[in-house]
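I opened this notebook to record what I looked up in the structure. The entries follow in the order in which I made them.

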Amino acid sequence: MFKRYSYRIEDYRLPQARTERIERGNEIGNDGMRLLQAVFHPATPGWLRKVPAVEMLRRTWVQEFQIEDQTVCWRHPKNIPPAGQRLVSPYDSVGRAGSKRDIEWQGWKVHITETCDPDQPT
């Protein structure tokens, strides 16, 4: 288990073959679901559910995985929330996916307006 999670999981670290990639995603989904079940078990202290990292894990798992026939499965890309609502990183809860023409990004979008008013920043 340590070997599987001792480094940050990034897309490029997942297997390239589609079937292997799905298998690895399902393994990750099962591991996370077991952890969440343990955290939300009635015998577990309630304060643990309030840890921000646990809430982020829960939100990420609801978005990325579903249970089909009592098996945790990676969601199909057509079955995830729309870009404006979707978490794009478990490290940033408010960053979102965006695109404009041929440019796509994950994170933040800032709108800056220039003004000629001398009392305002330019």
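**Entry 1: the strand pair**

I began with strand E3 (residues 96-100) and strand E4 (residues 103-107), which pair in the antiparallel sense over five bridges. I noted that the model is a predicted one. I then looked up Ser99 and found that its bridge partner in E4 is Glu104. Next I examined the connection: E3 and E4 form a hairpin with two residues between them. In that turn, I recorded a positive phi of about 55 degrees for Arg101.

**Entry 2: the largest pocket**

I turned to the open spaces and asked what volume the largest pocket has. I entered a value of about 1600 Å³. I then listed its lining, which comprises 38 residues. Of these, I noted Ile9, Thr60, Glu64, Phe65 and Trp74 as the ones that lie nearest the centre of the pocket.

I next asked which element gives the most to this lining. Helix H2 does, with nine residues. I found that helix H2 (18-39), helix H3 (52-64) and strand E2 (71-74) each supply at least two residues of the lining. By residue class, I recorded 21 nonpolar, eight polar and nine charged residues in the lining of the largest pocket.

**Entry 3: Arg21**

I selected Arg21, which lies in helix H2, and asked whether Arg21 counts as buried or exposed. I classed Arg21 as buried because its relative accessibility is 19%, and buried means under 20%. I then looked up its polar surroundings: a polar atom of the Arg21 side chain lies 3.0 Å from the backbone oxygen of Pro15. Leaving out residues up to four places away in sequence, I listed Asp11, Leu14, Pro15, Gln16 and Trp74 as residues that Arg21 touches. I marked Trp74 in this list, as Trp74 is also one of the residues that lie nearest the centre of the largest pocket.

**Entry 4: the enclosed space**

Finally, I asked how many cavities of 30 Å³ or more a search of the whole structure finds. The search finds one. I entered about 60 Å³ of space for the largest cavity. I listed its lining as Arg4, Tyr7, Ile9, Glu10, Arg13, Leu14, Arg24 and Ile28. I divided this lining into four nonpolar and four charged residues, with no polar ones.

I made two cross-references here. Ile9 lines the largest cavity and is also among the residues nearest the centre of the largest pocket. Leu14 lines the largest cavity and is one of the residues that Arg21 touches.

Notes: Residues numbered from 1 in each chain as written. Predicted model: local features only at pLDDT ≥ 70, side-chain atom pairs only at ≥ 80, totals over all residues. Heavy atoms only, no water. 1 Å grid on protein atoms, 1.4 Å probe; cavity = no way out; pocket = protein on both sides within 12 Å on 5 of 7 lines; lining within 4 Å. Points joined across faces, edges and corners; volume = space filled by probe spheres on them. Helix = DSSP H or I, 4+ residues; strand = E, 2+ residues; numbered from the N terminus. Nonpolar A, V, L, I, M, F, W, Y, C, P; charged D, E, K, R; others polar. Buried < 20%, exposed > 50% of the residue type's maximum accessible area, 1.4 Å probe, protein only. Polar contact = N/O pair within 3.5 Å; in protein donor to acceptor, adjacent residues only side chain to side chain. Contact = heavy atoms within 4.5 Å. Pairing = 2+ DSSP bridges.
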